[in-house]
Each structure stands twice: as structure tokens, then as C-alpha cells.
Amino acid sequence: MAYSSIYNVYNFYMTTYAPKPSTPYDSHKKSELRSVYNSIVKMNKESPLYILDTSKDSQQFAVSMKENARELRNTIASLGGLDEDDLLNKKVAYSSDEAIVTATYIGSSEDSEDAPAYEIEVKNLASPQINTGKFLPGEEAVALPPSTYSFDVGIDDLNYELQFNIKSTDTNRDVQEKLSRLINNANIGMSAEVVTDDAGNSSLRMESNATGLKDGKPCLFKISDHQTSKTSGSIEYFGLDHVSAQSTNASFVVNEEEITTASNRFTLENTYELQLKGVSGEDGGTASIGLRTDVESLTENINTLVRGYNSFLQAVSEYSENQPKSNRLFHEMSSVARVYAQGLTSAGLRLGQDGTLEVDRSTLKQQAMSDNAKEVFSSMKGFTNSVLRKTNQVSLNPMNYVNNIIVAYKNPGKNFASPYITSAYSGMMFNSYC
């Protein structure tokens with residue numbers, strides 16, 4: 001029971017607040033975790049005592065700021081690493097035809113000089129499984145007796161039982177929409193929607209989130225009500241077990257070697273992460289995958305940094321009306337850019353009135369190709385490192401920007417570490433389940 005609750009909490013947290021899925025930069029060494037722990041202890045030891053604002057808006061703001069800070073930190077980490085010497089040194093991959101495949105370089109800076117190039121021809125994309133139920137007159141009363149019905153869904157080696165009620169006043173479309181909401185809210189790895197044909201009849205269409213087939217399995221999900229705990233019969237009536245499109249694996253050729261995968265996203269030789277987008281033409285056209293030059297990589301890295309920085313400021317500004325202290329966070333982050341404004345301008349970045357940055361591509365490329373490029377972009381590295389430190393501060397204590405009331409300051413140097421400051425933040429994830 002406890003495991004199930006924590007599982008639900010985690011899913012709620014990730015689907016509600018996390019803007020993006022986890023990345024390789026979310027994994028840490030023991031030394032990094034120890035450093036985070038020591039920082040929390042030090043922060044709690046000197047932190048004043050608060051009356052916490054536990055409103056739902058404040059909870060959402062704190063979690064959102066932590067997640068957006070994490071996203072910006074991961075963006076910076078993806079540009080070459082978290083050490084100042086490696087910042088903005090990340091090589092950037094290219095694809096000669098992004099309508100067929102896009103590429104991201106995931107290798108290290110040390111290995112970039114020997115990174116191979118590839119020619120890729122896509123024959124078939126990986127596709128999901130689709131079930132399409134019977135098309136029934138949407139406005140007609142459902143021809144099933146009122147009762148509590150249930151059916152079983154087998155997906156990802158797990159079985160789920162979904163229950164729903166049918167009332168005497170329900171129409172076919174009412175129940176189909178009810179089933180659509182039930183499946184979507186269950187978050188079990190598939191989605192559903194009600195579709196309509198030319199005659200105005202409605203049907204329930206279900207699609208797996210995953211693609212392809214693994215380990216020789218015949219399907220990605222299976223729906224039945226033969227051994228369900230409540231009333232059966234809804235599967236046959238609505239035709240929910242009808243597979244209209246089987247899932248397929250991706251098929252492609254890399255340097256004349258044919259490969260199949262269950263997903264359209266995969267890694268190649270631990271060097272590139274590829275995303276298949278389309279099928280090659282009838283003439284068997286290929287897309288070339290490789291690394292850009294140093295100038296192109298630096299330009300793309302800076303563009304990525306600016307997008308991440310501006311996105312964080314935009315996320316903070318959305319709370320300016322409901323969370324007064326969000327303006328302080330906005331000012332602190334935008335002040336980092338103002339400190340380095342002169343150096344950023346020299347490198348081809350313009351600082352706007354609202355604190356965001358804009359890239360002058362021609363100046364940026366010209367400076368990247370100049371003889372004193374290293375000197376010009378030293379301010380850029382300093383700016384990036386300062387932004388990184390700020391994101392770490394926000395991640396450690398997002399409650400610092402919630403509208404809390406200070407009760408008392410601690411006596412400096414004569415306090416013991418208290419775990420309760422971060423416990424207040426962590427507890428917000430469990431608030432709806434305890």
C-alpha cells in the first residue's frame with residue numbers, strides 16, 4: 001500500500017510539474033550527492049524560522065521554480081559539462097536532412113575529434129498500436145443495463161482493472177467519453193479519444209504511448225473483461241478489443257547495415273542520439289550525420305543557452321501577480337546578465353529591457369571566427385557559470401521565494417542543523433496523499 005502511494009505521488013509530481021522527462025544530467029555521483037547534502041545542512045542551520053505559506057498556488061510555484069531551475073541547469077550541462085573550463089565546448093551534431101532524422105551528440109568532448117560520420121536511410125518508422133471500437137449512433141441510449149462495469153488492460157507486463165458506471169440515461173457517446181477520460185486519467189501508457197465518422201456515429205480510439213514490439217510480443221496492450229471483478233460485456237458492445245493498427249518496429253540502414261528498433265529515438269554507438277522523423281524517398285535517399293565545426297558548435301551552444309535562460313525568466317514572470325517574491329527571483333537572475341552586459345554585447349548578445357537576451361547571429365559568428373575569440377567569450381563563460389550557481393541555489397531552496405513570514409532569526413554561529421526547512425518543501429508532493 002505504501003509503495004503504491006509513493007508510486008502515485010511520483011507520477012503526479014512528474015506529470016503535473018516536471019516540464020521535461022529526466023535526462024542523463026539528473027544522475028549524480030556520490031560526491032555530488034554528498035555536496036548537495038552538506039549544502040542543505042548548512043542552509044538549514046542558519047535559516048530563520050518561518051510561518052510557511054502552504055496555499056496551493058505557493059506549492060505549485062515552489063515546485064515549478066525547482067523544476068525550471070533543474071531544466072536550465074541541465075541545459076547548461078548539455079553544453080559541455082558543469083566545469084567552467086568545459087562550458088560551451090560541447091560539439092553539436094548535424095543532420096543533412098532533418099525531415100528524415102535529427103541528431104544530438106552525446107559523446108564526450110575528448111572523443112569528439114574521432115567521432116564518426118554516418119549515412120542513414122529510413123525504410124520504416126516505429127508505430128504505436130491502435131484499437132478502434134465499433135462506430136455506434138452517438139445520441140442513442142446505450143444498449144447495456146445500468147451497472148458498474150469493469151475491464152482489464154494488460155500493458156508493459158502489468159495488468160490494470162478500470163471500473164466505470166453506466167446509468168439508464170447515458171447515450172453511447174456519453175459512455176465513450178467517460179471511457180476516454182478514464183483511460184487518459186489512469187496514466188497507464190496509453191491514450192484515448194472519441195472519433196466520429198461521416199455518418200455521425202462515434203467510436204473510441206485507443207493508442208499506446210510506446211511504439212514497436214519487444215521480445216517477440218504480439219501486441220503492446222490487450223483489453224478484455226473475461227475475468228474482471230465487475231459486470232462484463234462492455235468490451236464486446238463497444239468493440240474495444242479490435243486492433244485496427246498493429247505496432248511496428250523502425251527499420252533503417254546505417255552505413256549499409258540494416259537495423260531495427262522498437263522506438264524512433266535511440267542511441268548510435270554511444271555517440272549520437274537519433275530521432276527518426278520520416279521515411280526516405282523512393283530513390284533511397286540518405287541523411288548524413290556528423291559533427292559541426294567549432295564555430296558552428298559554439299554558435300549553437302550559445303543559442304541553446306540563451307533559449308534556456310529566456311525560458312526560465314519567462315516561467316518566473318508568469319507568477320509575478322500571485323507570488324510577490326517571484327519578482328525578486330526575476331531580478332536576481334536578470335542581474336546576472338547585467339553584470340556581464342558589456343562582455344555579452346561584445347560577443348553578439350543584446351540585453352533587453354525585460355532582462356532577456358537576444359542573439360545577433362552575424363556578430364556572434366564574426367566574433368567566433370576572430371583571432372581573439374577566446375578572450376571575447378571569456379565573459380560568456382563567466383555569465384554561464386554564474387547562472388549555473390543561481391540555478392543550484394533555487395533548486396536547493398525554492399521556498400526562499402515563496403511569500404513566507406519570518407518569525408525569528410537564529411543566533412549566528414550557535415545553531416544546530418534543522419531538517420525541517422526542506423521537509424516542508426518535500427511534504428508538498430505528498431500533501432494530497434497523506
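Here are some worked exercises on the predicted model shown above.

In this predicted model, local features need pLDDT of at least 70 and side-chain atom pairs count only at pLDDT 80 or more, while totals for chains, interfaces and linings use all residues. Residues are numbered from 1 along each chain as its sequence is written, and side-chain values use heavy atoms, with hydrogens and water left out.

**Exercise 1. The whole protein**

Task: Find how many helices and strands the protein has, and what share of its residues is buried.

Solution:
- Start with the DSSP runs, numbered from the N terminus (helices are H or I with at least four residues, strands are E with at least two). The protein has 12 helices and 20 strands.
- Next, sort residues by relative accessible area (buried under 20%, exposed over 50%, partly exposed in between; 1.4 Å probe, protein chains only). Of the 434 residues, 41% are buried.
- Then turn to contacts (heavy atoms within 4.5 Å). Among those between residues at least 6 apart in sequence, 72% join residues at least 24 apart.

**Exercise 2. One helix, two sides**

Task: Check the length of α7 against its number of residues, and work out where its buried residues lie around the axis.

Solution:
- Take the expected span first (1.5 Å times one less than the number of residues). For the 14 residues of α7 this gives 20 Å, and the end C-alpha atoms are 20 Å apart, which agrees.
- List the buried residues of α7: Ser-326, Leu-329, Met-333, Ser-334, Val-336 and Ala-337.
- Look down the axis, using the directions from the helix axis to the C-beta atoms. The buried residues of α7 fall within an arc of 135 degrees, so they line one face of the helix.
- Now turn to the other side of α7, where His-331 and Val-339 are exposed.

**Exercise 3. Salt bridges**

Task: Count the salt bridges, then place the partners Glu-258 and Lys-123 in their strands.

Solution:
- Apply the rule (a side-chain nitrogen of Lys or Arg within 4 Å of a carboxyl oxygen of Asp or Glu). The count comes to 13 salt bridges.
- One of them joins Glu-258 and Lys-123, with N to O at 3.5 Å. Glu-258 is in strand β14 (residues 257-261) and Lys-123 in strand β4 (residues 118-124), so this pair ties together parts that are 135 residues apart in sequence. Lys-123 is partly exposed, at 42% relative accessibility.
- Compare the pair Arg-328 and Glu-332, whose closest N and O atoms are 3.2 Å apart. Both lie in helix α7 (residues 326-339), 4 residues apart, about one turn of the helix. The spacing fits a general rule: an α-helix has 3.6 residues a turn, so residues three or four places apart point the same way. Arg-328 is partly exposed at 33%, and Glu-332 is partly exposed at 23%.
- Finish with the network of salt bridges that links Glu-193, Arg-205 and Glu-207.

**Exercise 4. A nonpolar patch**

Task: Identify the residues of the nonpolar patch on the surface and the strands that supply them.

Solution:
- Keep residues with over 30% relative accessible area and no salt bridge; nonpolar side chains (Val, Leu, Ile, Met, Phe, Trp, Tyr) are joined within 5 Å, like charges within 9 Å.
- The patch is formed by Leu-49, Ile-51, Ile-405 and Val-407, with about 380 Å² of accessible area together (Shrake-Rupley method, 1.4 Å probe).
- Strands β1 (49-51) and β20 (405-408) each supply at least two residues of this patch.
- Zoom in on Ile-405 in strand β20: this residue is exposed, with a relative accessible area of 53%.
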